[in-house]
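Trainee: I would like to go through this entry with you. Could we start with the ligand and then take a sheet?

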Amino acid sequence: MAGGRHHLQIPGPTNVPDRVLRAIAAPTIDHRGPAFAALALDLLERLKPVFGTGGPVIIYPSSGTGAWEAALVNTLSPGDRVLACETGHFATLWRDMAERLGLPVEFLPGDWRHGADPDAIAERLAADPAHEIKAVMVVHNETSTGVRSRVPEVRAALDRAGHPALLLVDTISSLGSMDYRHDAWGADVTVGCSQKGLMLPPGLGLNAVSEKALEASRSARLPRSYWDWEPILAANRDGFYPYTPPTNLLYGLREALTMLEEEGLPAVFARHDRHAEATRAAVRAWGLEVLCADPREYSSSLTAVLLPEPHDADKVRRIILERFDMSLGTGLGRLAGRVFRIGHLGRFDDLSLAGTLAGVELGLAAAGVPIERGGVTAALSVLERA
Ligand SMILES: *Cc1c(COP(=O)(O)O)cnc(C)c1O
């Protein structure tokens, strides 16, 4: 459709605001000069509140996957046992990466409709009196399912077991969209990236690092070079990098942080909670099912919608793309064809949500999925109330 602007309602990459795009278009500067140092020092401070930390945040020129690898290779040694939780496709990919790096992984099974189970974690850690498990890996917001893991309860599970394992948390699709507190929740490495709640194009990977994780990095022996925190932190002290940094994405980051600061993080989180609630109201009014099975675990940045058999979610997505120029998230891994995912994170407002849900409602009807009409109306009622 020749409307001019594509509707990118996948749960990342998200729609990049015009003012961020304009910021990125500024001329690249000398990354060893004083203007760059001022930029970097400013950004490294202003990123901290987004993670809820007073500690260092490392910025890599990478996708989120690179930041996953950085979290592992900086803190662990060959043969270290790690405990991971099968919350969905991204948890499975992170598990696979840990195995490829030579870490024996215990994968607590899950049904892809729930978050990490704090009781199962506590039970497993209690059965490890020798503390052979060195890290627990949790995906805060599982982007393949729209399920939020209860990280504070996972932290409490480690504490209850009196277990010293590091807590590694993937916040790639929740950072800057959903409440998260690296320090208060006792995370050791928090992994993020640019193209989801931070409203940037892909290309920045992030690690927030606790004192305990820094300590672990001093004796960790997995091979690392590019991902090594130490030389980056050393150069960062003066606002520099040991390699050429992605200067233009950093201009974009500066603008995106300004936007988050202008709105205020509590208001940003409340906006995402509200849009998620309105989306779920639409799904229920259509007579369809939200994939997330536990209301305590609803994601606020995306909603995965389960289709009744034998309807193919990718056919619905295809029709919506062709007719309305809108992209929705596909079903990943074992959910292929069974679900589509509505991204409502990043730069987003009430009318964008209403338009998105209108496109979904029209697309479901056009694909012949039996739905009740009135999903958009139900969503508008939620928006009107709030
Ligand atoms: C997008 C995503 C990733 C992967 O990030 P890339 O930038 O594609 O490497 C990992 N984990 C979660 C939860 C994600 O949403």
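The questions below concern the ligand's surroundings and one sheet in this predicted model.

Trainee: How many residues surround the ligand, and which helix gives the largest share of the shell?

Mentor: The ligand is surrounded by 14 residues, with Ser 63, Thr 65, Thr 143, Asp 170 and Lys 196 the closest. By class, five members of the shell are nonpolar, seven are polar and two are charged. Three shell residues come from residues 64–75, and this largest share belongs to helix H4.

Trainee: What share of the ligand's exposed area does the protein bury?

Mentor: Take some polar contacts beforehand. A ligand oxygen lies 2.8 Å from a polar backbone atom of Gly 64, and a ligand oxygen is also 2.8 Å from a side-chain N or O atom of Gln 195. For the side chain of Lys 196, the distance from an N or O atom to an oxygen of the ligand is 2.6 Å. On its own the ligand exposes 390 Å², and the share of this buried by the protein is 87%.

Trainee: In the open sheet of three strands, which strands stand at the edges?

Mentor: The strand order is S11-S12-S14, with antiparallel pairing. Strands 289–290 and 339–343 each have a single partner, so one side of each lacks a neighbour in the sheet; these edge strands are S11 and S14.

Trainee: Which residue of S12 stands opposite Glu 289?

Mentor: S11 and S12 (residues 302–306) run antiparallel and are joined by two bridges. Opposite Glu 289, the residue in S12 is Leu 306.

Conventions:
Residues numbered from 1 in each chain as written. Predicted model: local features only at pLDDT ≥ 70, side-chain atom pairs only at ≥ 80, totals over all residues. Heavy atoms only, no water. Near = heavy atom within 4 Å. Polar contact = N/O pair within 3.5 Å; in protein donor to acceptor, adjacent residues only side chain to side chain. Areas by Shrake-Rupley, 256 points an atom, 1.4 Å probe, with all protein chains shown as cover. Helix = DSSP H or I, 4+ residues; strand = E, 2+ residues; numbered from the N terminus. Nonpolar A, V, L, I, M, F, W, Y, C, P; charged D, E, K, R; others polar. Pairing = 2+ DSSP bridges.
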